[in-house]
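Student: I am new to this structure and would like a close, patient look at one part of it, with its surroundings explained step by step.

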Amino acid sequence: MAGLTDDTSEQEGDEEEGLPEELSAPEERLAGRVTLVLMPLDKLQDDTSFRLRSEGDVSGLATDIARLGQLFPVDVRPAGEDRYQLVCGFRRVAALRFLKRDAVQARVHTSLSDEDALLMSLAEAIHATPVEPEVLEAKREQLESEGRLSAAVRDMLEKALATEDTLAPEGVEEEIDADELAADVSERLGAINQDLSLLADVFAALDDSRKAELLMQLRYSSQLVAYLEGL
């Protein structure tokens with residue numbers, strides 16, 4: 001299994017001023033060596049030993065992952081026979097499975113004790129402070145005043161601000177201007193396609209794990225295209 005942060009040699013970019021020094025080895029912590037990898041989901045054990053609460057409704061998180069990709073890796077530790085035990089990130093894994101994805105970005109802690117794993121799961125839950133509604137409302141007003149409040153951004157903020165007492169009725173998505181959303185998505189896809197055209201020239205030189213991650217996202221996009229064309 002190839003890590004996303006493999007040992008690196010000195011590169012020409014290291015000599016440029018203002019750039020941080022590249023790490024020459026995977027991260028080392030008190031809990032042992034940590035390596036970031038792209039891992040098949042079926043390698044995770046069906047084990048909830050370190051889950052503090054039910055995953056709940058992950059449809060909103062799944063929507064964000066579908067739009068933006070998996071922003072934060074989960075934490076796992078080896079469990080023998082090429083299997084891994086999930087320590088942190090149960091909602092992210094549930095959302096990826098909801099999306100029928102087959103891989104997850106994960107930090108592998110190669111020598112994590114039971115106590116350290118429990119402390120890690122507790123720390124994530126204790127320090128995961130949600131953003132206050134006042135902060136989100138201020139950001140929404142700022143974006144709107146700057147003309148940067150797209151339909152997709154507005155929708156995400158509205159859902160984050162919703163409470164059990166003020167949940168919008170089912171079908172509220174129909175109130176969103178579909179043409180505005182489509183225009184926003186088309187613009188962002190155009191920028192992504194330009195980046196992909198540049199990557200095509202250097203694709204063969206990419207690390208295997210980077211290739212696999214990129215191809216996974218492209219396969220999902222192609223599945224969406226086939227679905228949309230069938231509507």
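Student: Of the 25 residues in the largest nonpolar core, which touch the most other members?

Tutor: Please keep in mind throughout that this is a predicted model. Within the largest nonpolar core, which has 25 residues, the ones that touch the most other members are Met39, Leu44, Val74, Val76, Val87 and Val104. Two or more residues of this core come from each of β2 (32-40), α1 (59-68), β3 (74-78), β4 (84-88), α2 (90-98), β5 (103-109) and α3 (114-127). Apart from this core lies another one, of five residues, and among them are Leu136, Leu143, Leu149 and Leu157.

To place these elements, it helps to step back to the whole chain. The protein chain contains seven helices and five strands, and from the N terminus on its elements follow the order β-β-α-β-β-α-β-α-α-α-α-α. Of the 231 residues in the chain, 29% are buried. If one takes the contacts with a separation of 6 or more, 75% of them are between residues 24 or more positions apart.

Let us now look closely at α2, one of the elements that give two or more residues to the largest core. In this helix Phe90, Arg92, Val93, Ala95 and Leu96 are buried, and the elements that cover the buried residues of α2 include α1, β3, β4, β5 and α3. Two packed helices are described by the angle between their axes and by the distance between those axes. For α1 and α2, the axes come within 9 Å and cross at roughly 70 degrees. Since angles from 65 to 115 degrees count as roughly perpendicular, α1 is therefore roughly perpendicular to α2. On the α1 side the contact is made by Ser59, Leu61, Ala62 and Ile65, and on the α2 side by Arg91, Arg92, Ala95, Leu96 and Phe98. Sorted by class, the residues of this contact are six nonpolar, one polar and two charged. Arg92, Ala95 and Leu96, already met as buried residues of α2, take part in this contact with α1.

Just beyond the helix, the backbone deserves a look as well. Lysine 100, which follows α2, lies in the loop between α2 and β5. The phi of lysine 100 is positive, about 65 degrees, although this residue is not a glycine. Lysine 100 has a relative accessible area of 73%, so this residue is exposed. A positive phi also occurs at aspartate 82, a residue other than glycine, where the value is near 55 degrees. Aspartate 82 is found in the loop between β3 and β4, and because its relative accessible area is 44%, aspartate 82 counts as partly exposed.

A further loop, the one between β5 and α3, holds leucine 112. With a relative accessibility of 8%, leucine 112 counts as buried. Its C-alpha atom is separated by 6.5 Å from that of arginine 77, although the two residues are 35 residues apart along the chain.

The helix that packs against α2 also has another partner, and following that partner leads on to the smaller core. The axes of α1 and α5 come within 12 Å and cross at roughly 155 degrees, and because angles over 145 degrees count as roughly antiparallel, α1 and α5 are roughly antiparallel to each other. Their crossing is left-handed. In this contact Asp64, Arg67 and Leu68 of α1 meet Ala152, Asp155 and Met156 of α5, which by class gives three nonpolar, no polar and three charged residues.

From α5 we can move on to α4. Helix α4 (residues 133-145) and helix α5 (residues 151-161) pack at an angle of about 160 degrees, and their axes are 10 Å apart; they are therefore roughly antiparallel to each other. The crossing of α4 and α5 is left-handed. The residues that make the contact are Pro133, Leu136, Glu137, Arg140, Leu143 and Glu144 in α4, together with Val153, Arg154, Leu157, Glu158, Ala160 and Leu161 in α5. By class, this contact has seven nonpolar, no polar and five charged residues. Leu136, Leu143 and Leu157, which take part in the contact of α4 with α5, are among the members of the core of five residues.

Definitions and conventions. Residues numbered from 1 in each chain as written. Predicted model: local features only at pLDDT ≥ 70, side-chain atom pairs only at ≥ 80, totals over all residues. Heavy atoms only, no water. Axes fitted to C-alpha atoms, helices over the stretch in contact; angles between N-to-C directions. Helix = DSSP H or I, 4+ residues; strand = E, 2+ residues; numbered from the N terminus. Parallel < 35°, antiparallel > 145°, perpendicular 65-115°, else oblique. Left-handed = near helix turned anticlockwise from the far one by under 90°. Contact = heavy atoms within 4.5 Å. Nonpolar A, V, L, I, M, F, W, Y, C, P; charged D, E, K, R; others polar. Core = buried A, V, L, I, M, F, W, Y, C linked by side-chain atoms within 4.5 Å. Buried < 20%, exposed > 50% of the residue type's maximum accessible area, 1.4 Å probe, protein only.
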